[in-house]
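User: I'm new to reading protein structures and would like a close look at one single part of this one. Could you pick out a strand at the edge of a sheet and walk me through its surroundings?

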Amino acid sequence: MINIQKLVFNPFQVNTFVVSDESRQCVLIDAACYGDDENRILEDHIQKEKLVPVRLIYTHCHTDHILGNTFVQERYHLEPEVHPKGKLFWEMAKEFSSVFGLSYDGSMKPTRFLEEGDEVRFGSSSLRVLYTPGHADGSICLWNETQQFVIAGDVLFYGSLGRADLPTGNFEVLKDSIRQKLFTLPDETVVYPGHGPQTTIGFEKRNNPFVALD
Ligand SMILES: [Zn+2]
Ligand SMILES: [Zn+2]
C-alpha cells in the first residue's frame, strides 16, 4: 500500500511528495525545501515516519522545484533522476533562480535519467513515467495504476494547468500532453499537482476551463 505525504515548501508553495510503502522505503519527488528550517522539516518528517529515502526524482527542473536538491543529495546520498530533455533548466538553475528572486547556488548534474514508460521501483511498488511536455521540456508525471494516482508536477492543477509562457513552454503541446497522457487514465485517478490541492482526472475532464473535453 503506497502512502503519499505532501509537504509544501518555499515562497512558490511547491508540493514536495514523500511516497512510501510498507517497506518504509520512500521516493522524494520535487525536493523543494528552501533554507535550513525547511530542510529540517523534511528531515524530521522522514525520521518520524522511519522512512529510508531511496530515490530522488524531479517532475521537471524549474528552480522552485529543485531548491532542496543539494541538501537532499548530500543528506541521503541520492542522485537526482530527471528526464533528459530538461537539461536547459538544471544547467541554468542559478540564472533562472535569480529571475524568481531565489538563490540556488548548488550545482545539479543528473546522472540518472527517466524516460516515457520507465518504471520507478521502490520497496514493493512502482510508478510509471509519462512524458508530458508543454509547461517545460523534460516534464514528467508519475502514475500508479494499482492505487490510481498520478503525481502531475506543473502539468495539470485543480481547475487549471501549468504556465506555457516560460522558456520551452508551449500551450498546444501542454494541452496535448494532458489530453493524450492524463485524460486517458481512469476517471477515478487522483491527481497530485506540483502546487495546490489534489483533484481527479474525471473532475478535470468535465470542469477544467482550459482542457475540459466537450
Ligand atoms: Zn514549473
Ligand atoms: Zn512549479
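**A close look at one sheet edge**

Analyst: Happy to! Let's begin with the whole chain: the protein chain holds seven helices and 14 strands. Its radius of gyration is 16 Å, close to the 17 Å that the globule rule gives for 214 residues, so the chain is as compact as a globular protein of that length. Please keep in mind that this is a predicted model. Along the principal axes, the C-alpha atoms fill a box of roughly 50 × 40 × 25 Å. Of the 214 residues, 42% are buried. Among contacts with a separation of 6 or more, 61% link residues 24 or more positions apart.

Now to the sheet. Six strands form an open sheet with mixed pairing, in the order β7-β8-β9-β10-β13-β14. At its edges are β7 (119–122) and β14 (199–200), each of which pairs on one side only. Let's stay with the β7 edge. The neighbour of β7 is β8 (residues 125–131); the two strands run antiparallel and are joined by four bridges.

A good residue to look at here is S126, which belongs to strand β8. Across from S126 stands R121. If we skip residues up to four places away in sequence, S126 touches E119, V120 and R121. Is S126 buried or exposed? The answer lies in between: S126 counts as partly exposed because 18 other C-beta atoms lie within 10 Å, while a buried residue needs 20 or more. For a sense of distance, take V155: S126 and V155 are 29 residues apart in sequence, and their C-alpha atoms are 21 Å apart in space.

For a contrast, turn to the core. In soluble globular proteins, nonpolar side chains tend to be buried together. Here the largest nonpolar core has 53 residues, and the members that touch the most others are C141, L142, V150 and A152. Leaving aside neighbours within four places in sequence, A152 is in contact with C141, L182, V191, Y192, P193 and G194.

Finally, here is a helix you can check yourself. Helix α1 (residues 36–48) has 13 residues, and at 1.5 Å a residue it should span 18 Å; its end C-alpha atoms are 18 Å apart, which agrees. Just after α1 comes K50, which takes a positive phi of about 55°.

To retrace the close look, find β7 at an edge of the sheet, follow its bridges to β8, and then stop at S126, opposite R121.

Methods:
Residues numbered from 1 in each chain as written. Chains lettered and ligands numbered in written order. Predicted model: local features only at pLDDT ≥ 70, side-chain atom pairs only at ≥ 80, totals over all residues. Core = buried A, V, L, I, M, F, W, Y, C linked by C-beta atoms within 7 Å. Buried ≥ 20, exposed ≤ 12 C-beta atoms within 10 Å, placed from the backbone. Contact = placed C-beta atoms within 7 Å. Pairing = 2+ DSSP bridges. Expected span 1.5 Å × (residues − 1). Rg over C-alpha atoms; globule rule 2.2 N^0.38 Å.
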